[in-house]
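Trainee: Could you take me through one part of this model up close? I'd like to see how the pieces there fit together.

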Amino acid sequence: MKELDTSSIRFSKLVNEKLEKLALGFKRSKKELFTQMVDYFYRSKKDPSDFGDEVLKRELSSGISRIISFIKQQEKDFLLPSYTDVGLLKIAMAQSNDKLTKIDTHLTRESEVNTALLKNTKSIIGGIRVLINHQRQKNELKEQFSELLEYYIHSREEMGWTTANAKKEQLIEHVRQSLNNM
């Protein structure tokens, strides 16, 4: 039975070999490949004998122009503001670094001052301890001297006028010796 929509075309063996290679390469039948080629040339309105294909060149050129204008618009809309923002960020970071450097220098100086104050405070505390010890020793000496004076007064009062001079000398010597021992 013959198909009604079947037509035949004659072409050389060389063209048939090329068509078979193309069909094998695209994994289609020769008939299917031929139908798709006809559809392609019909839709694209291309002339298969025109290897320069001016229509294709114009379409490619206009496509490239559209892509370039799109890229330029993207640069204007996104890239240039980003570069501007990055420049502002660089300036802000430089200013921040300057301020942080100044703060670091100030804190270093303050640390040195605090260290010196700490040393001075320790020195003053040591001096105060020495003064407290001297004051304590002074108070002890005053107490001992007061006890000695009271002993001398009490012993002198007990002696009276009739006591021998030797005993008086002995009392005086005892008080002097006690003062020297303090």
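Mentor: Happy to. Let's start with helix 4, keeping in mind that the model is predicted. Helix 4 covers residues 165-181, which makes 17 residues. From its first C-alpha to its last it reaches 24 Å, close to the 24 Å expected at 1.5 Å a residue.

Now look at which side chains are tucked away: Lys168, Leu171 and Val175 are buried in helix 4. They cover an arc of only 60° around the axis, so they sit on the same side of helix 4. The other side of helix 4 carries exposed residues, namely Asn165, Ala166, Gln170, Arg176, Asn180 and Asn181.

For company, turn to helix 1, residues 13-26. Its 14 residues should span 20 Å at 1.5 Å a residue, and its end C-alpha atoms are indeed 20 Å apart, so the two values agree. Right after helix 1 comes lysine 27, with a positive phi near 60°.

Helix 1 also takes part in a salt bridge, and the count for the model comes to 1. The partners are lysine 30 and glutamate 20, whose closest N and O atoms are 3.5 Å apart. Lysine 30 belongs to helix 2 (residues 30-44) and glutamate 20 to helix 1, so the pair, 10 residues apart, links distant parts of the chain. How exposed are these two partners, lysine 30 and glutamate 20? Lysine 30 has 34% relative accessibility and therefore counts as partly exposed. Glutamate 20, at 36%, counts as partly exposed.

Notes:
Residues numbered from 1 in each chain as written. Predicted model: local features only at pLDDT ≥ 70, side-chain atom pairs only at ≥ 80, totals over all residues. Heavy atoms only, no water. Helix = DSSP H or I, 4+ residues; strand = E, 2+ residues; numbered from the N terminus. Expected span 1.5 Å × (residues − 1). Buried < 20%, exposed > 50% of the residue type's maximum accessible area, 1.4 Å probe, protein only. Arc of directions from axis to C-beta. Salt bridge = Lys/Arg side-chain N within 4 Å of Asp/Glu carboxyl O.
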